[in-house]
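Here is a walk through one protein chain, taken a few places at a time. Please keep the sequence and the 3D view at hand while reading.

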Amino acid sequence: MWADPAGVEDGAMRQLRNVTTLPWVRGLAVMPDVHYGKGATVGSVIAMEGAVCPAAVGVDIGCGMSAVRTSLTADDLPDDLSGLRSRIEAAIPVGRAAHDVPVGPARLHGLSRAGLDELWARFDGVAEAVSFRHERATKQMGTLGGGNHFIEVCTDTEGAVWLMLHSGSRNIGKELAEHHIGEARKLPHNQDLVDRDLAVFVAGTPQMAAYRHDLFWAQEYAAFNRAVMMALLKDVVRGEFAAAGPRFGEVISCHHNYVAEERYDGVDLLVTRKGAIRAGDGEYGIIPGSMGTGSYIVRGLGNAASFRSASHGAGRRMSRNAAKRRFTTEDLAAQTRGVECRKDAGVVDEIPGAYKPIEQVIERQRDLVEVVARLKQVVCVKG
């Protein structure tokens with residue numbers, strides 16, 4: 001457990017203990033940003049043998065982060081960044097909005113088609129209850145969504161400009177997750193669980209095979225969704241800073257709501273990271289803070305005790321409703337001073353004060369990751 005036990009709410013501790021009662025569980029690693037979630041806590045890594053719990057993945061399958069360092073510096077940025085934010089919002093639909101016409105690689109500079117055709121070919125095999133969503137899924141590819149999803153322009157401590165975004169598998173991932181969570185709850189072996197939200201699929205069953213197909217499909221969709229958005233974001237930056245001729249480094253991308261097949265101590269396990277990133281030795285990851293504090297680019301240390309994992313962000317310290325009751329738009333403006341972003345009632349639930357201090361979260365996992373760069377946002381687009 002990398003979280004401070006004294007700082008974990010009782011509901012989350014009950015969820016963690018409930019997970020350990022599942023007979024298929026071979027280990028549980030608790031990240032420093034842990035907090036109460038649906039079924040399983042956000043900020044936990046669950047390793048199971050021969051089983052997987054769809055609610056422990058969450059409904060935003062494949063949600064994660066992407067970031068890239070640019071050749072631009074803070075000196076290249078204008079004093080007024082509202083125009084840049086507006087152009088990002090015009091290029092990338094936010095909230096429930098979608099593209100009028102699906103965005104494909106042919107429209108985007110440098111985006112490879114490799115794998116995308118194969119992804120759509122496998123859509124024919126997804127759950128029949130969701131299969132009619134094909135058109136919506138194609139139009140939502142390359143869109144942000146809502147909640148805590150965001151697009152940011154940041155600067156690091158050396159003055160370099162970074163692009164960063166957070167999103168997942170959009171509505172198609174949500175509907176697939178909800179379908180399979182419902183199917184798991186019906187199975188006989190899940191009727192006596194301490195928490196029915198922890199219903200699992202067991203290896204060797206048709207239900208497990210169907211879930212694995214849709215799970216890995218949605219994870220791949222999420223990765224492509226971020227890749228398309230990053231390509232759109234780069235095009236905005238190319239147009240906005242044409243005179244500077246911006247160049248882009250290698251994109252860092254990582255899921256933080258997903259399942260991976262991994263081997264530990266000679267045993268093949270299904271490792272579920274819900275609000276956690278993989279932090280294998282030398283692997284790059286992204287740990288964002290709130291919309292007014294900043295984020296970290298990290299490199300994994302490969303700590304097997306955490307199933308080679310690290311936290312996915314700062315983690316909420318209060319619910320969205322609690323944040324809306326406690327904070328005002330004036331508080332939001334004060335806590336996001338210096339950041340070009342929405343400062344209206346619609347994003348008060350995302351106020352920095354609703355999140356744990358990101359610096360403390362990083363400090364508690366020094367044996368899991370090393371910091372490569374600290375970023376501070378100057379533009380934040382919220383869904």
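Ser-311 lies in strand 14, in a model that is predicted. Is Ser-311 buried or exposed? Its relative accessibility is 0%, so it counts as buried. The side chain of Ser-311 is joined to the side chain of Gln-365 by a polar contact of 2.7 Å. Once neighbours within four places in sequence are set aside, the residues in contact with Ser-311 include Met-31, Pro-32 and Asp-33. Gly-275, Ala-276, Ile-277 and Ile-287 are also among its contacts, as are Val-361 and Gln-365.

Strand 14 covers residues 309–311, and the loop between strand 13 (295–300) and strand 14 holds Arg-308. The phi angle of Arg-308 is near 50°, a positive value in a residue other than glycine. Arg-308 has a relative accessible area of 27% and is therefore partly exposed, since buried means under 20% and exposed over 50%.

Another loop residue is Arg-366, placed between helix 10 (358–363) and strand 16 (369–382). Arg-366 is partly exposed too, its relative accessible area being 43%. Which side chain makes a polar contact with the side chain of Arg-366? The partner is the side chain of Glu-363, at 3.3 Å. Apart from neighbours within four places in sequence, Arg-366 is in contact with Leu-301 and Val-371. The C-alpha atom of Arg-366 is also 9.8 Å from that of Gly-300, although the two residues are 66 residues apart along the chain.

The next stop is the N-terminal part. Helix 1 spans residues 10–20, and its buried residues are Gly-11, Ala-12, Met-13, Gln-15, Leu-16, Asn-18 and Val-19. What do these buried residues pack against? They pack against strand 1 (25–35) and strand 2 (42–48). Gln-15 of helix 1 can be taken as an example. With a relative accessible area of 5%, Gln-15 is buried. Not counting residues up to four places away in sequence, Gln-15 touches Tyr-36, Gly-37, Lys-38, Gly-39, Ala-40 and Thr-41.

Two of the residues touched by Gln-15, Gly-39 and Ala-40, come up again with Ala-56. Ala-56 belongs to helix 2 (residues 54–57) and is buried, at a relative accessible area of 2%. Between Ala-56 and Gly-39 there are 6.4 Å in space, C-alpha to C-alpha, and the two are 17 residues apart in sequence. Ala-40 is in contact with Ala-56, and so are Ile-46, Thr-272 and Lys-274, when neighbours within four places in sequence are left aside.

The remaining part concerns how helices pack. Two packed helices are described by the angle between their axes and the distance between the axes. Helix 6 (residues 170–186) and helix 7 (residues 206–240) pack with axes 10 Å apart, at an angle of about 160°. An angle over 145 degrees counts as roughly antiparallel, so helix 6 and helix 7 are roughly antiparallel to each other. The crossing of helix 6 past helix 7 is left-handed. On the side of helix 6, the contact is made by Arg-170, Ile-172, Gly-173, Leu-176 and His-180. Helix 7 contributes Ala-210, Tyr-211, Asp-214, Trp-217, Ala-218, Tyr-221 and Asn-225. Sorted by class, this contact of helix 6 with helix 7 has 7 nonpolar, 3 polar and 2 charged residues.

Arg-170, a residue of helix 6, can be looked at on its own. It is buried, with a relative accessible area of 11%. The phi angle of Arg-170 is near 55°, which is positive in a residue other than glycine.

Helix 7 also meets helix 3 (residues 82–91): their axes come within 10 Å and cross at roughly 140°. That angle makes helix 3 oblique to helix 7. Which hand does the crossing of helix 3 and helix 7 have? It is right-handed. Gly-83, Leu-84, Arg-87, Ile-88 and Ala-91 of helix 3 meet Leu-232, Leu-233, Val-236 and Glu-240 of helix 7. The residues of this contact of helix 3 with helix 7 divide into 6 nonpolar, 1 polar and 2 charged.

Methods: Residues are numbered from 1 along each chain as its sequence is written. This is a predicted model: local features need pLDDT of at least 70, side-chain atom pairs count only at pLDDT 80 or more; totals for chains, interfaces and linings use all residues. Side-chain values use heavy atoms; hydrogens and water are left out. Helices (H or I, at least four residues) and strands (E, at least two) are DSSP runs, numbered from the N terminus. Buried means under 20% relative accessible area, exposed over 50%, partly exposed in between (1.4 Å probe, protein chains only). Contact means heavy atoms within 4.5 Å. A polar contact is a pair of N or O atoms within 3.5 Å; within protein, one must be able to donate a hydrogen and the other to accept it, and residues adjacent in sequence count only if both atoms are side-chain atoms. Axes are lines fitted to C-alpha atoms, for helices over the stretch in contact, and angles run from 0 to 180 degrees between N-to-C directions. Angles under 35 degrees count as roughly parallel, over 145 as roughly antiparallel, 65 to 115 as roughly perpendicular and the rest as oblique. A crossing is left-handed if the near helix is turned anticlockwise from the far one by less than a right angle, and right-handed if clockwise. Ala, Val, Leu, Ile, Met, Phe, Trp, Tyr, Cys and Pro count as nonpolar, Asp, Glu, Lys and Arg as charged, and the others, Gly among them, as polar.
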